[in-house]
Amino acid sequence: MSETWSRAPRLRRLTQTGYSLAAASSWRAHGWPRLLPVNVTISTNFRCNFRCQTCNVYDRKVKELEADEWTQVFESLGRSPVWMTFSGGEPFLRGDLPDIILSAISVCQPAIVNIPTNGWFTKRVIEGVKRICEAAPGTQLVINLSIDHHVPERHDEIRGAPGSWPRMMRTLTGLRALDLPNLTVGVHTVVSSENEDDFPAIAQNLTRLGADSYIAEPAEERVELQTIDTGISPKAQRFSVAAAAVLDAEDAANGIVAKAARSVRNEYYGRVTKFLEGETEAMPVCHAGFLSVHVGADGDVWSCCVLARSFGNLRDVGFDFQKVWFSAEAEKFRTWMRERHCACPLANAAYTNLLVDPAAAVRIAAGMVKRPKPFTPRAAHEVTRNQVAAAVNAPPR
């Protein structure tokens, strides 16, 4: 497995990304210079063979974009994306997933591609990952396997899929055996009301599985997942314990990739804990809809999956992303966002937001040179559950 990002990013990518990050605050505050997103999430489908207790996305029934339609979308995006995530549902339910991703890499040339998966389809996952990595050596592929407990029966129960643990282990073993220089195999846990009391044991045991990285994120009430008012988010103190356990497990991180990831997570976990305690200002100013975007399986363009408010549908504009991204409806949303009504712990967007925050960026950079200040679990006390973006205000329709 890789300790460094194969051959990406290169000078052109670094220069372009640096410009976008430097201009982001002006774009957000004043609407100039207009930027395309550097962080792009694609929901290739909403279908899933699991019935997780923290997700109901499988209830979304839509007409999915075909592979050739996605190619048109990528062509209109150009080379703006640095980080692309291809999610679901379960993305590997699509037999053409490698075709879609390789099309994106060919056109957009992102530095990093991330695929979260439940690991059920072992043969399809391993063959697809091998094909993508070998065909695109200049892009780092990150596969995050979703594992919510170290006890097999509890994992299966939380994920709503009996027998999923042994399949996941076969998938993990097969991915590790590929030993490709541009492949990072990660394990990802959703910390929720279902497993929050079982940390640090979950982190301590899952880090022994031999993956390249281990991350944990809080369960959120999202419009996309259809989990509003479900009470799935963890208590602040329990998430704090989980976050500290994750960072302790990566205490011996080596290489620029591992050190960068640990430094970013240290900053992120501290802020999320405060947010779950009710401090909405703890999260950095959100650049969703400015630097990051989520495109639904049916072609709806969202600022993020938490609100899942559409700027428009790509089918209505000939799959021209820029027509939707720079539309009057999108600008209406950005005007609302400039008043900072919105904050949430969505990790995908938060990582981008942290890089734009000057103080956070300095701390992250310092943490790559020397060990960041240890993350200390918060003391237990009463907290308000489920601080989600939609709870602050609803954006104009």
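The legends below describe close-up views of a predicted model.

**View 1. Strand E2 and its cover.** Strand E2 spans residues 83-87. Four of its five residues are buried, so the strand is mostly covered. Two strands pair with E2: E1 through five bridges, and E3 through three.

**View 2. Strand E1 beside strand E2.** E1 covers residues 39-43 and runs parallel to E2. Five bridges join the two strands. One pairing to look for starts at Ile42: its bridge partner in E2 is Phe86.

**View 3. From E1 to E2 by way of helix H2.** Helix H2 covers residues 67-77. Together, E1, H2 and E2 form a β-α-β unit. The unit is right-handed.

**View 4. Strand E3 beside strand E2.** E3 takes in residues 112-117. E2 and E3 run parallel and are joined by three bridges. Met84 can serve as a guide here: its bridge partner in E3 is Val113. Between the two strands, the chain passes through helix H3, residues 97-108. This β-α-β crossover is right-handed.

**View 5. Cysteines without a disulfide.** How many disulfides does the count come to? The count is zero. Cys344 shows the reasoning. A disulfide needs two cysteine sulfur atoms within 2.5 Å. The closest cysteine sulfur to that of Cys344 belongs to Cys304, and it lies 5.9 Å away, so the pair is too far apart for a bond. Is Cys344 buried or exposed? Cys344 has a relative accessible area of 15%, and because buried means under 20%, this residue is buried. Cys108 is buried too, with a relative accessible area of 0%.

**View 6. The largest cavity.** The structure holds two cavities of 30 Å³ or more. The largest has a volume of about 140 Å³. Its lining is made of 18 residues. Which of them lie nearest the centre of the cavity? They are Cys286, Ala343, Cys344, Ala349 and Asn353. Cys344, the buried cysteine of View 5, thus appears again here.

**View 7. What lines the largest cavity.** Helix H11 (328-337) and helix H12 (347-356) are the elements that give two or more residues to this lining. Which element gives the most? H12 does, with three residues. By class, 16 lining residues are nonpolar and two are polar. No charged residues are found in the lining.

Key:
Residues numbered from 1 in each chain as written. Predicted model: local features only at pLDDT ≥ 70, side-chain atom pairs only at ≥ 80, totals over all residues. Heavy atoms only, no water. Buried < 20%, exposed > 50% of the residue type's maximum accessible area, 1.4 Å probe, protein only. Pairing = 2+ DSSP bridges. Right-handed = clockwise from strand over helix to strand, strands pointing away. 1 Å grid on protein atoms, 1.4 Å probe; cavity = no way out; pocket = protein on both sides within 12 Å on 5 of 7 lines; lining within 4 Å. Points joined across faces, edges and corners; volume = space filled by probe spheres on them. Nonpolar A, V, L, I, M, F, W, Y, C, P; charged D, E, K, R; others polar.
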